[in-house]
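This briefing goes through one structure by topic. Please look at the sequence and the coordinates before reading the points below.

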2 protein chains.
Amino acid sequence: MKTISIDKSHGGTQGVYVSRSEACDCDMTFAVFVPPQAAEGNCPVLWYLSGLTCTHANVMDKGEYRRLAAQLGLIIVCPDTSPRGDHVPDESDNWQFGKGAGFYVDATEPPFSANYRMYSYITDELPRLLAAEFPVDMDRQAIFGHSMGGHGAITIALKNPDRFRSCSAFAPISHPSVSGWSKPAFRKYLGADENTWRAYDACSLIEDGHRLPELLVDQGTADSFLEDGLRPDELRQACEAADINLKLRMQEGYGHSYFFISTFMEDHLRWHAQRLRDRK
Amino acid sequence: MKTISIDKSHGGTQGVYVSRSEACDCDMTFAVFVPPQAAEGNCPVLWYLSGLTCTHANVMDKGEYRRLAAQLGLIIVCPDTSPRGDHVPDESDNWQFGKGAGFYVDATEPPFSANYRMYSYITDELPRLLAAEFPVDMDRQAIFGHSMGGHGAITIALKNPDRFRSCSAFAPISHPSVSGWSKPAFRKYLGADENTWRAYDACSLIEDGHRLPELLVDQGTADSFLEDGLRPDELRQACEAADINLKLRMQEGYGHSYFFISTFMEDHLRWHAQRLRDRK
């Protein structure tokens, strides 16, 4: 692991790091905020997964998480959204597929299966690196994200219920198997058999018996991706049918950008901090 | 004036606008945050001037001012740092001169004098536009900024003591007539006669009798521009000699970036809000 930059902020340190990823067969960059409480002992970890076109930097620059993470004693980890590098297959004119659009799946279809293994990177490889290199209490983890990263957070939490104490999302892609902007990507990463897509679709995972105790979702009503791309109503129906306690808050007049995310960041950090408070 | 974008954020609206500037003979972009209190009446205005290489967007994205501005009822105005456009003379390989480096002066030397008139734009043209188009109480104005924009804020406040109720800065360029990164720009904008530079130099203006009642300055001790570029000690000496109440806070371990600015943004907003509270 190599440090790209480290800056003092809100009493803690915001670092950017790069490490060789075996899962993705490339160098991967990620950001970690360490709060001042880490000087006295390992801190709980909150993972933030970003949306389409983003890198680690968007939420680091615009998410406004450091002030409260420093108060609450949370380590915030912000991974990239896809493999990177000249050797990584891509469709450079398509922002909904390839680089910046890994969708947190392990691709099975060549040529993408050689690098697009973001599920393994996020759930296995990066946690091991984090545990080795940072003052983290890996018994206290939570996860959240935005849009494609909201999809990532919910699906990863559903599939790893013993690892994450809490999960939340800003404007998540709730049913990617049927949305116009994610269906073509799923086909290219996972193949034509749509049954294999269910393992990476929040609504399908819930239908198939995966469970979370509760879920906080904020969704702007002025979000231009609301109807086709995000489908919060389908998430609501899936959660109702499965008795999952979904707190879905429709936020009047808010859009899809970080102007929206930063507004409700505090609520999400407090939600997670409350559930991460007690040591096991 | 044309609206480029408008987004709901923290209960208010963050807009980006463009208007034709007579002073700079080009289109100029700027950002305005309007807090929810504007629904009930005109709000006080806090100007933020940005540093070298920045546009209106850097502080809008990374400054973390909206949460508290929405609480305190402040309109935040974030202008660009120089004229823009293909017809504007520039040195594209020099980040300390030309585009992104207007230094808030009215240039007198051709060819720069045709466009680089940021002092007039900020103190005359943009205020008139603001008063006409936004719910502002122009009797309640304050100003702050970062680095080159800290220089801009302090010099503009010193020269317009009746207009601004308060002034503060993050890591301001305090003595640009003698700093390595500003001296060449002053020579090109203002000519070889260094006496003309004094009108745009905080330390010189104070020596020449300009006054502020008080001044808040935060400065990171790990700022790589501290010694030559910023020179807070010279500002301290000038303020002491002139009985200006300077609150200079050396912030241990902080650098020059928005990780530093966002950390202390809240203190500056509260400082200004307190002084802007009462209507005339």
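A residue counts as buried when its relative accessible area is under 20%, as exposed when that area is over 50%, and as partly exposed in between. R231(B) has a relative accessibility of 18%, so it counts as buried. The model is predicted. The points below cover the fold of chain A, salt bridges, two buried loop residues and backbone geometry.

**Fold and surface of chain A**

- Chain A contains nine helices and nine strands. Its radius of gyration is 17 Å, close to the 19 Å that the globule rule gives for 280 residues, so chain A is as compact as a globular protein of that length.
- The C-alpha trace of chain A spans about 50 × 45 × 35 Å along its principal axes.
- Of the 280 residues in chain A, 62% are buried.
- When contacts in chain A between residues at least 6 apart in sequence are taken, 73% of them join residues at least 24 apart.
- Chain A has an accessible surface of about 10,300 Å², and carbon and sulfur atoms account for 45% of it.
- Chain A carries 28 positive and 38 negative charges, and the mean positions of the two sets are 4 Å apart.

**Salt bridges**

- Side chains of opposite charge can pair when their charged atoms come close.
- Over all chains, the whole structure holds 38 salt bridges.
- One of these salt bridges is between R66(B) and E64(A), with an N to O distance of 3.7 Å. R66(B) lies in helix α2 (residues 66–72) of chain B, while E64(A) lies in the loop between α1 (57–62) and α2 (66–72) of chain A, so the pair joins two chains. Both R66(B) and E64(A) are buried.
- Within chain A, E266(A) and R67(A) form a salt bridge whose closest N and O atoms are 2.9 Å apart. This pair links distant parts of the chain, with E266(A) in helix α9 (residues 258–276) and R67(A) in helix α2, 199 residues apart.
- The two partners fall in different burial classes: E266(A) is partly exposed because its relative accessibility is 25%, and R67(A) is buried because its relative accessibility is 18%.
- R231(A) and D228(A) also form a salt bridge, with 3.0 Å between the closest N and O atoms. R231(A) has a relative accessible area of 18% and is therefore buried, whereas D228(A), at 37% relative accessibility, is partly exposed.
- Salt bridges with shared partners join R67(A), E266(A) and R270(A) into one network.

**Two buried loop residues**

- S147(B) sits in the loop between β6 (136–146) and α4 (148–159) of chain B. Its relative accessible area is 3%, so S147(B) is buried.
- Residues up to four places away in sequence aside, S147(B) touches G51(B), F170(B), A171(B), P172(B), I173(B), W181(B), L230(B) and H256(B).
- A101(A) is in the loop between β5 (75–79) and α3 (118–133) of chain A. A101(A) is buried, because its relative accessible area is 0%.
- With neighbours within four places in sequence left aside, the contacts of A101(A) are L52(A), T81(A), S82(A), W95(A), Q96(A), M148(A) and Y189(A).
- D90(A) is eleven residues from A101(A) along the chain, and their C-alpha atoms are separated by 9.7 Å.

**Backbone geometry**

- Most residues other than glycine have a negative phi, and most peptide bonds are trans.
- In chain A, P110(A) and P111(A) are joined by a cis peptide bond with omega about 0 degrees. P111(A) lies in the loop between β5 and α3 of chain A.
- In chain B, a cis peptide bond with omega about 0 degrees joins P110(B) and P111(B). P111(B) lies in the loop between β5 (75–79) and α3 (118–133) of chain B.
- A171(B) is not a glycine, yet has a positive phi of about 45 degrees. A171(B) belongs to the loop between β7 (164–170) and α5 (183–190) of chain B. At 0% relative accessibility, A171(B) counts as buried, and A171(B) is among the residues that S147(B) touches.
- R231(B), also not a glycine, has a positive phi of about 60 degrees. The loop that holds R231(B) runs between α7 (226–230) and α8 (232–241) of chain B.

Technical notes. Residues are numbered from 1 along each chain as its sequence is written. Chains are lettered from A and ligands numbered from 1 in the order in which they are written. This is a predicted model: local features need pLDDT of at least 70, side-chain atom pairs count only at pLDDT 80 or more; totals for chains, interfaces and linings use all residues. Side-chain values use heavy atoms; hydrogens and water are left out. Helices (H or I, at least four residues) and strands (E, at least two) are DSSP runs, numbered from the N terminus. The radius of gyration is taken over C-alpha atoms; the globule rule is 2.2 Å times the number of residues to the power 0.38. Buried means under 20% relative accessible area, exposed over 50%, partly exposed in between (1.4 Å probe, protein chains only). Contact means heavy atoms within 4.5 Å. Accessible areas come from the Shrake-Rupley method with a 1.4 Å probe; for residues, only the protein chains shown count as cover. Lys and Arg count as positive and Asp and Glu as negative; His and the chain ends are not counted. The place of a charge is taken as NZ of Lys, CZ of Arg, CG of Asp or CD of Glu. A salt bridge is a side-chain nitrogen of Lys or Arg within 4 Å of a carboxyl oxygen of Asp or Glu.
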